[in-house]
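This report sets out how the helices, the nonpolar core and the loops of the structure below are arranged.

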Amino acid sequence: MVSADVARNIVGIIGNVISFGLFLSPVPTFWRIYKAKDVEEFKPDPYLATLMNCLLWFFYGLPIVHPNSTLVLTINGIGLVIEGAYIIMFIIYAAKN
C-alpha cells in the first residue's frame, strides 16, 4: 500500500504538469501578437486574472503561511513568471492611444 505522503506527492506532481500546460496554452496567441506587433482585439482580463490567482496561491504556499506546500509554491511561482511575461508583452504591443 502507498503511504498518504507518497500519494499526495504523486497527485501534486501530476497537477503541476497539468497546470504548467495550462500556463503555456496562450503561447500561440502571444506568438500571433508578437508577429503582428499588435494585440488586435485580445483582452488582457484572463491573463490578469490568472496572474492574481497565481499570486494568491503563491502566498498560500509560502512556508510561513502553510508548511509543506512546496509543490503549490513552485508551480505558482512559475505561473507568476509566465503570466507576468504575457502581461508585459501585452502592454508593449497595446495601442498607444
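In this predicted model, Tyr-86 is buried, because its relative accessibility of 7% lies under the 20% limit. The residue belongs to helix α4. Neighbours within four places in sequence aside, Tyr-86 is in contact with Phe-23, Leu-24, Pro-26, Val-27, Phe-30 and Tyr-47. Its C-alpha atom is separated by 11 Å from that of Asp-45, although the two residues stand 41 residues apart along the chain.

**The nonpolar core**

Nonpolar side chains tend to be buried together in soluble globular proteins. The largest nonpolar core of this model has 13 residues, and those touching the most other members are Phe-23, Phe-30, Ile-33, Val-39, Tyr-47, Tyr-86 and Phe-90. At least two residues of this core come from each of α2, α3 and α4. Helix α4 provides the largest share, with seven residues.

**Packing of α1 and α4**

Two packed helices are described by the angle between their axes and the distance between the axes. Helix α1, residues 4-24, and α4 have axes that come within 10 Å and cross at roughly 5°. The two helices are therefore roughly parallel, a term that applies to angles under 35 degrees. On the α1 side, the contact is made by Asn-9, Gly-12, Ile-13, Asn-16, Ser-19, Phe-20, Phe-23 and Leu-24. On the α4 side, the participants include Leu-71, Ile-75, Ile-78, Gly-79, Ile-82 and Tyr-86.

**The two sides of α2**

Helix α2 spans residues 27-36, and its buried residues are Thr-29, Phe-30 and Ile-33. Seen down the axis of α2, these residues fall within an arc of 90°, so they line one face of the helix. An α-helix has 3.6 residues a turn, so residues three or four places apart point the same way. The face of α2 turned away from the buried side carries Pro-28, Trp-31 and Lys-35, which are exposed. The buried residues of α2 pack against α3 (45-61) and α4 (70-93). Beyond the residues up to four places away in sequence, Ile-33 touches Asp-38, Val-39, Phe-42, Phe-90 and Tyr-93.

**Salt bridge and backbone angles**

How many salt bridges does the structure hold? There is one, and it joins the side chains of Arg-32 and Glu-40 at 2.8 Å, N to O. Arg-32 counts as partly exposed at 47% relative accessibility, and Glu-40 likewise counts as partly exposed at 32%.

Glu-40 also has a notable backbone angle: its phi is positive, at about 55°, although the residue is not a glycine. Most residues other than glycine have a negative phi. Glu-40 lies in the loop between α2 and α3. Lys-37, just after α2, also takes a positive phi, of about 60°. A further positive value, near 60°, is found at Asn-68, again a residue other than glycine. Asn-68 is in the loop between α3 and α4 and counts as exposed, because its relative accessibility of 64% is over 50%.

The residues with a positive phi are listed below.

| Residue | Phi | Place |
|---|---|---|
| Lys-37 | about 60° | just after α2 |
| Glu-40 | about 55° | loop between α2 and α3 |
| Asn-68 | near 60° | loop between α3 and α4 |

Note on methods
Residues are numbered from 1 along each chain as its sequence is written. This is a predicted model: local features need pLDDT of at least 70, side-chain atom pairs count only at pLDDT 80 or more; totals for chains, interfaces and linings use all residues. Side-chain values use heavy atoms; hydrogens and water are left out. A salt bridge is a side-chain nitrogen of Lys or Arg within 4 Å of a carboxyl oxygen of Asp or Glu. Buried means under 20% relative accessible area, exposed over 50%, partly exposed in between (1.4 Å probe, protein chains only). Helices (H or I, at least four residues) and strands (E, at least two) are DSSP runs, numbered from the N terminus. The arc is that of the directions from the helix axis to the C-beta atoms. Contact means heavy atoms within 4.5 Å. A nonpolar core is a set of buried Ala, Val, Leu, Ile, Met, Phe, Trp, Tyr and Cys residues joined through side-chain atoms within 4.5 Å. Axes are lines fitted to C-alpha atoms, for helices over the stretch in contact, and angles run from 0 to 180 degrees between N-to-C directions. Angles under 35 degrees count as roughly parallel, over 145 as roughly antiparallel, 65 to 115 as roughly perpendicular and the rest as oblique.
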